[in-house]
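The exercises below concern a single structure. Each task is followed by a solution worked out in steps.

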Amino acid sequence: MPLPPYKIKVVEPVLVWGRETRLEQARRAGFNLFQIPARFVAVDLLTDSGTSAMSDRQWAGMMRGDEAYAGSDNYYQLEQAVRQIFGFRHVIPTHQGRAAEHLLFSVMVGRDDVIPSNHHFDTTRANIEVAGGEAVDLAVEQTDDLGSQHPFKGNIDLARAERLVRELGRDRVPLAMITLTDNTGGGQPVSLENLTAYHRLLDEHGIPLFIDACRFAENAYFVREREGAHAGRSILDITADTFSLAEGCTMSAKKDGLANIGGFLALREEALARKIKERLVLYEGFETYGGLAGRDLEAVAIGLREVVDEHYLAHRIEQVAYLGERLRENGIPVLVPFGGHAIYLDAAAFLPHVPRELYPGQALAVALYLESGIRSVEIGGVMFGKKDPETGELLLPRHELVRLAIPRRVYMTEHLDFVAESLARLHERREEIGGFEFEYQADVLRHFTARFRPARSAPKPSKISIED
Ligand SMILES: *Cc1c(COP(=O)(O)O)cnc(C)c1O
């Protein structure tokens with residue numbers, strides 16, 4: 001692994017609790033890891049969102065917070081950083097990524113519109129649907145094959161995209177999206193070749209492309225490492241080429257902004273920017289702060305310049321891959337190639353004796369917490385499963401995954417070794433791990449608030465089907 005291009009100046013204590021305490025906390029939380037207080041977590045791999053360690057420059061920048069209501073100096077710093085890195089003239093700050101999505105779609109998407117992407121992130125999909133549109137996922141088919149070594153599993157399927165825009169045209173497709181990297185598909189990158197062809201196709205039909213830019217720098221690094229034509233180019237050059245294809249982007253600065261809060265919408269066209277700013281002031285705040293304090297704008301402006309550093313990115317991507325390799329060495333089933341921000345465990349393969357209707361992903365995530373205090377997140381039947389209200393049939397997603405998301409600049413190799421060793425121990429005694437059943441579930445987004453109990457007996461044969 002490359003030398004980390006940073007060292008520790010401030011530390012945050014991690015409290016080490018015993019197994020008894022973890023069990024008590026898990027019971028109290030209804031075996032739902034979202035409900036466990038963070039102080040009872042030793043290594044928190046729930047998400048990479050908003051969990052980055054800020055640099056000394058970012059903290060110093062926060063002291064330069066200019067809290068003027070209008071025209072804060074920090075806004076101009078952010079505007080300049082976005083203009084230089086992404087090439088968009090109009091920069092609209094928002095409190096986080098989903099607010100940028102809401103603003104864009106509420107202006108551009110109407111009833112019965114269809115918006116293609118490789119995979120829409122949950123909040124992106126929800127904001128399109130709230131605006132009356134339909135969000136369609138068109139990632140290449142290799143994305144669904146956890147073992148496929150395709151280097152760009154985030155690519156969009158151009159043939160399906162072409163069919164869609166030919167059939168519906170600009171009238172029904174007012175804009176198209178693509179997510180860099182493809183979070184839902186496993187943090188997988190999109191090649192510049194694929195993006196260029198997608199843009200060409202859209203351009204022929206007069207459809208503007210917008211990029212969900214949350215992990216733009218991680219994507220640029222993969223392009224440099226894996227796409228021969230761009231080997232050795234600078235991250236900034238690749239980023240400039242990437243965004244030159246788009247009319248704008250939505251961004252959560254909680255990811256590749258290296259900040260704990262923040263986001264923005266960046267646009268090429270003035271008329272659209274003006275329309276969106278009218279809504280901004282209604283939902284977020286005045287156009288030079290958009291729901292953020294001046295100090296937060298400064299942290300994002302500095303974070304954007306730090307995240308494109310080649311040494312930072314090399315260490316970041318290699319650190320994630322290091323954990324993946326250590327797991328693979330121990331025979332633990334993982335999604336490959338390793339993603340930019342997380343390692344995904346194939347829980348159905350890890351726990352083949354736990355039937356899908358007893359949620360092997362949930363079982364593995366809970367077992368890992370009880371074993372070592374490591375918090376991960378289930379991405380499987382609990383998060384995406386649905387019960388048909390008429391037939392009572394349980395519809396489950398194709399894959400049952402557990403995501404280990406790596407916060408940026410937070411954990412050391414020792415933490416990753418600890419995670420790998422804990423999982424190796426669990427893998428050795430995997431037969432002892434049993435499934436879970438729901439005790440309570442809400443109608444929407446049930447994974448956040450659900451309560452579970454360990455399944456006592458073998459499940460009754462129930463009607464289930466698995467999406468293809
Ligand atoms: C996190 C995320 C968002 C939403 O950003 P928030 O800051 O959480 O609102 C949108 N798209 C992708 C790909 C994300 O990962």
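Leaving aside its neighbours within four places in sequence, which residues is S422 in contact with? This opening question is taken up in Exercise 1.

The structure is a predicted model, in which local features need pLDDT of at least 70, side-chain atom pairs count only at pLDDT 80 or more, and totals for chains, interfaces and linings use all residues. Residues are numbered from 1 along each chain as its sequence is written, and side-chain values use heavy atoms, with hydrogens and water left out.

**Exercise 1. Describe the surroundings of S422.**

Step 1. S422 belongs to helix α16; helices (H or I, at least four residues) and strands (E, at least two) are DSSP runs numbered from the N terminus.

Step 2. The relative accessible area of S422 is 0%, so this residue is buried. Buried means under 20% relative accessible area, exposed over 50%, and partly exposed in between, with a 1.4 Å probe and protein chains only.

Step 3. With neighbours within four places in sequence set aside, S422 contacts L368, E371, S372 and I374, where contact means heavy atoms within 4.5 Å.

**Exercise 2. Characterise the packing of α1 against α14.**

Step 1. Helix α1 covers residues 19–28 and helix α14 covers residues 360–372; their axes are 7 Å apart and form an angle of about 145°. The axes are lines fitted to C-alpha atoms, for helices over the stretch in contact, and angles run from 0 to 180 degrees between N-to-C directions.

Step 2. On the α1 side the participants are R19, R22, L23, Q25 and A26, and they meet Y369, L370, E371 and S372 of α14.

Step 3. The residues of this contact comprise four nonpolar, two polar and three charged. In this classification Ala, Val, Leu, Ile, Met, Phe, Trp, Tyr, Cys and Pro count as nonpolar, Asp, Glu, Lys and Arg as charged, and the others, Gly among them, as polar.

**Exercise 3. Place W17 relative to the rest of the chain.**

Step 1. W17 is located in the segment before α1.

Step 2. Its relative accessible area is 27%, and W17 is therefore partly exposed.

Step 3. Not counting residues up to four places away in sequence, W17 touches R22, R39 and F40. A polar atom of the W17 side chain lies 2.8 Å from the backbone oxygen of R39. Such a polar contact is a pair of N or O atoms within 3.5 Å; within protein, one must be able to donate a hydrogen and the other to accept it, and residues adjacent in sequence count only if both atoms are side-chain atoms.

**Exercise 4. Analyse the shell around the ligand.**

Step 1. There are 14 residues around the ligand, of which R98, D212, R215, S252 and K255 come nearest; a residue is near a molecule or strand if one of its heavy atoms lies within 4 Å of it.

Step 2. By class, the shell holds two nonpolar, six polar and six charged residues. Helix α4 (residues 97–108) supplies the largest share, three residues.

Step 3. A polar side-chain atom of D212 is 2.7 Å from a nitrogen atom of the ligand. For K255, a polar side-chain atom lies 2.9 Å from a ligand oxygen atom, and an N or O atom in the side chain of Q96 is 3.0 Å from an oxygen atom of the ligand.

Step 4. The protein buries 98% of the 380 Å² that the ligand exposes when taken alone. Accessible areas come from the Shrake-Rupley method with a 1.4 Å probe, and for residues only the protein chains shown count as cover.

**Exercise 5. Locate the cis peptide bonds and the positive phi values described here.**

Step 1. L180 and T181 are joined by a cis peptide bond with omega of about -25°, and T181 lies in the loop between β5 (176–179) and α7 (192–204).

Step 2. The bond from V336 to P337 is also cis, with omega near -15°; P337 sits in the loop between α12 (310–329) and β9 (342–346).

Step 3. D112, a residue other than glycine, has a positive phi near 70°. D112 occupies the loop between α4 and β3 (114–117) and, at 48% relative accessibility, is partly exposed.

Step 4. R409, likewise not a glycine, has a positive phi near 65°. Its place is the loop between β14 (401–405) and α16 (413–428), and R409 is buried at 15% relative accessible area.
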